[in-house]
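Reader: Hey, I'm new to this one. Could you pull it up and walk me through it?

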Amino acid sequence: MNFRKMLLITIIGIGGLFIIILTYGANQFLTYQLLEQQERSLENIVEKTISEVDLWIKARERDAVLFSKNGVFIDMWSQKRLAEAEKRLKIYHGLSNFYENVFIADTDGKCLISSETIEGSKQLDLSKNDGMITNLEMARKGKTWIGDPMVCPVNGKYIFLITAPIIENEKVKGIFGTSIDLSVFSALLLDSVKVGKSGYLFMTDSKGKCIYHPDKKLIFNLNLADQEFGNEMLVNKNGIISYEWEGRKKIASYRTYEKKEWVISTTNFKDEISDITRKISKFSAFFGFLAIGLLVLASFGMTGAVFKIANKSIKELESISIRLHEASIEVSSTSNQLAEGASQQAASLEESSSSLEQMASMTKTNAENAKEADKIVKQSLSDMEEASGSMFALTSSMNEIYTSGEETQKIVKTIDEISFQTNLLALNAAVEAARAGEAGAGFAVVSDEVRNLAMRAADAAGNTAKLIDQTGTKVDEGVKLVESTNDAFSLVVSGAVTTGTLIGKIANASIQQADGIDQINRAVGEMDKITQQNAANAQQSASASEEMKSQAKQMRTILNRLSSLIGGNSISNEQYGGKKDGKTMNMTTFRDNTSSFSNGFLPQTPAHHAKPAHHAKEVRPEEIIPLDDDDFKD
């Protein structure tokens with residue numbers, strides 16, 4: 001079996017298995033995701049429906065309580081307003097189509113007045129109907145009550161009662177009742193609920209009796225208590241359940257409406273999910289196998305082209321192996337020449353190594369001096385920064401002194417104003433003393449003294465103000481001088497920072513230069529060792545050429561196997577005796593013959609690596625191991 005057949009079998013086998021596993025895994029994952037999504041959808045629908053039902057029923061309860069508090073209904077017994085009350089009932093009945101009947105009964109349960117004109121509606125007795133007894137009992141206790149769905153004893157419709165007590169002076173006088181038409185209630189809240197393509201919603205009372213179903217025949221005729229899954233729903237009250245109905249698997253989400261313990265459920269067939277996943281699996285499998293088919297066709301075309309190139313390459317490699325056999329002879333001769341050149345190169349490298357050691361010593365000394373200078377500059381920079389900080393503190397102190405002088409001027413000004421006011425008061429006192437005559441003579445003397453004191457205080461305050469002004473001027477000049485000095489220090493610090501940075505860079509550069517020269521020194525030492533080793537390796541190359549002959553023969557055997565693997569013909573026998581057209585091949589002939597394969601199989605020999613193949617005296621060391629300036633540029 002050749003490589004092409006094995007490749008095609010592998011592609012088909014692995015690809016087919018991968019498609020099967022992927023399709024199955026995707027089917028399972030998609031089924032799980034769709035089931036989970038379906039469950040969430042069913043739960044959301046149930047929750048929303050219960051919320052809408054609760055809001056609607058609470059609104060009807062409020063209506064019943066509001067209607068029962070109408071004064072006409074409270075006074076209908078004592079003031080005999082029956083006709084007016086009956087008229088009012090008909091008005092309430094006409095407000096909405098969901099009211100099947102609106103009535104008032106006494107506390108014994110007998111209907112007194114009714115909005116419905118059907119014969120027998122006024123003979124309704126709540127106490128004689130099992131579905132209405134609870135409403136009657138709750139009304140007697142003063143409570144509003146919602147009855148379970150039932151069959152109306154008057155007209156046979158499906159209804160449920162909402163009753164409220166009619167109270168006067170905290171005493172129940174009668175019962176106000178609204179009969180809700182279950183079919184209208186269902187049309188308003190339940191019929192519009194959509195569950196998938198074929199799902200639906202249904203509702204049962206607390207005992208499992210079906211009170212709503214899209215199939216109207218099942219209403220009041222289906223009881224979930226008769227079903228195993230129905231009993232589980234009635235017991236658990238809330239949850240998700242899987243069951244079988246009429247031979248098909250279904251899933252349902254159910255919740256209990258706590259106010260009446262009605263169980264509202266949404267259900268859907270699992271077939272919907274299976275149909276979706278089945279279609280997706282078929283779609284995936286079709287395109288998967290189509291991809292495998294296209295891959296097989298592409299593989300046929302690609303392997304055909306590759307095998308064609310491979311056959312050609314094998315033939316070319318066989319030709320190369322023959323030439324390698326001839327080249328091994330030439331390698332032995334060249335190895336001897338290589339040893340001689342390596343010895344000369346070693347002497348040159350030793351001299352270079354000595355010079356590099358001296359350079360390394362000098363460069364290290366420069367690096368250490370630059371590093372010491374960097375430390376001194378950094379210390380100077382630290383001292384300058386400290387001096388700059390002191391100048392800044394001095395500037396702050398001068399500013400505070402200037403501020404204190406301004407505050408003192410304000411105080412002196414205040415003293416001057418007080419002196420002026422005191423002088424005025426003294427003058428006023430002297431005037432009053434003059435008016436008083438002899439009685440005010442003593443007081444006049446005192447006022448003169450006070451006036452003199454005020455004038456002296458004013459003179460002192462003026463002198464103090466002049467001194468403070470002069471001091472403020474000097475302080476201001478001092479602040480300006482300190483600021484100028486501080487700016488000069490900042491420039492000096494900035495220059496020192498720049499100088500420190502430059503010296504640091506010089507130090508780093510010197511260190512890196514010393515490291516670089518040290519590395520070059522080590523590299524030259526290693527090259528010296530390698531050159532010595534090359535002399536010994538050249539001798540080993542001669543023995544290696546014999547091994548090349550043996551490897552060339554093994555190469556031919558391997559090429560035969562490769563040709564068989566890709567479905568080609570066996571390689572024709574060519575001589576391995578080292579002759580072609582009756583002549584021995586030398587290295588020049590070998591390079592000429594292999595130049596045609598340089599684009600894809602053998603690297604071209606650079607010009608500066610070319611080696612003459614005639615006489616040893618024509619070989620120079622720099623041709624064997626070139627050491628041009630470009631080789632040291634890094």
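Author: Here's a quick tour in chat form, starting with the basics and moving on to side chains.

Reader: What am I looking at, and how are residues numbered?
Author: It's a predicted model, so to speak: local features need pLDDT of at least 70 and side-chain atom pairs count only at pLDDT 80 or more, while totals for chains, interfaces and linings use all residues. Residues are numbered from 1 along each chain as its sequence is written, and side-chain values use heavy atoms, with hydrogens and water left out.

Reader: How many helices and strands are there in the protein?
Author: There are 10 helices and 13 strands. Those are DSSP runs numbered from the N terminus: helices are H or I with at least four residues, strands are E with at least two.

Reader: And what share of the residues is buried?
Author: Buried residues make up 36% of the 634 residues. Buried means under 20% relative accessible area, exposed is over 50%, and partly exposed is in between, using a 1.4 Å probe and protein chains only.

Reader: What about contacts across the sequence?
Author: Take the contacts between residues at least 6 apart in sequence: 63% of them join residues at least 24 apart. Contact here means heavy atoms within 4.5 Å.

Reader: Switching to rings. How many aromatic pairs are there?
Author: The count comes to 15 aromatic pairs. Rings of Phe, Tyr and Trp (its six-membered ring) pair if their centres lie within 6.5 Å; planes under 30 degrees apart are stacked, over 60 edge-to-face, and the rest tilted.

Reader: Give me one. Why is the pair of F73 and F176 called what it is?
Author: Their ring centres are 5.6 Å apart and their planes sit at 40°, so the pair is tilted. The pair links distant parts of the chain, with F73 in helix 2 (residues 71–75) and F176 in strand 6 (residues 171–181), 103 residues apart. Both F73 and F176 are buried.

Reader: Got another?
Author: Sure, Y158 and F220: the centres are 4.3 Å apart and the planes are at 5°, so that pair is stacked. Y158 lies in strand 5 (residues 158–168) and F220 in the loop between strand 8 (210–212) and helix 6 (228–236), so the pair ties together parts that are 62 residues apart in sequence.

Reader: Are those two buried or exposed?
Author: Y158 is partly exposed, with a relative accessible area of 32%, whereas F220 is buried at 17%.

Reader: Which rings form a cluster?
Author: Ring pairs link W56, F98, Y99, F160, F185, Y257 and W262 into one.

Reader: What lies over the face of W56?
Author: R60 does, at 4.8 Å from the ring centre. Elsewhere, K250 lies over the face of F269, at 4.4 Å from the ring centre. A charge sits over a ring if NZ of Lys or CZ of Arg is within 6 Å of the ring centre and within 35 degrees of the ring normal.

Reader: Okay, charges. How many salt bridges does the structure hold?
Author: It holds 11 salt bridges. A salt bridge is a side-chain nitrogen of Lys or Arg within 4 Å of a carboxyl oxygen of Asp or Glu.

Reader: Examples?
Author: E168 and K173 meet in one at 2.4 Å, N to O, and E168 counts as partly exposed at 24% relative accessibility. R435 forms another with E432, the closest N and O atoms being 3.6 Å apart. Both R435 and E432 lie in helix 7 (residues 271–436), 3 residues apart, about one turn of the helix. R435 is exposed, with a relative accessible area of 65%, and E432 is partly exposed at 45%. Salt bridges that share partners also join E43, E47 and R255 into one network.

Reader: Back to helix 6. Which residues are buried there?
Author: F229, G230, M233 and L234 are buried in helix 6. They cover an arc of only 140° around the axis, which puts them on the same side of helix 6; the arc is that of the directions from the helix axis to the C-beta atoms.

Reader: What do those buried residues pack against?
Author: Strand 7 (200–204), strand 9 (239–245), strand 10 (248–257) and strand 11 (262–269).

Reader: And the face turned away from the buried side?
Author: That face of helix 6 carries the exposed residues E228 and V235. Just after helix 6, K237 takes a positive phi of about 70°.
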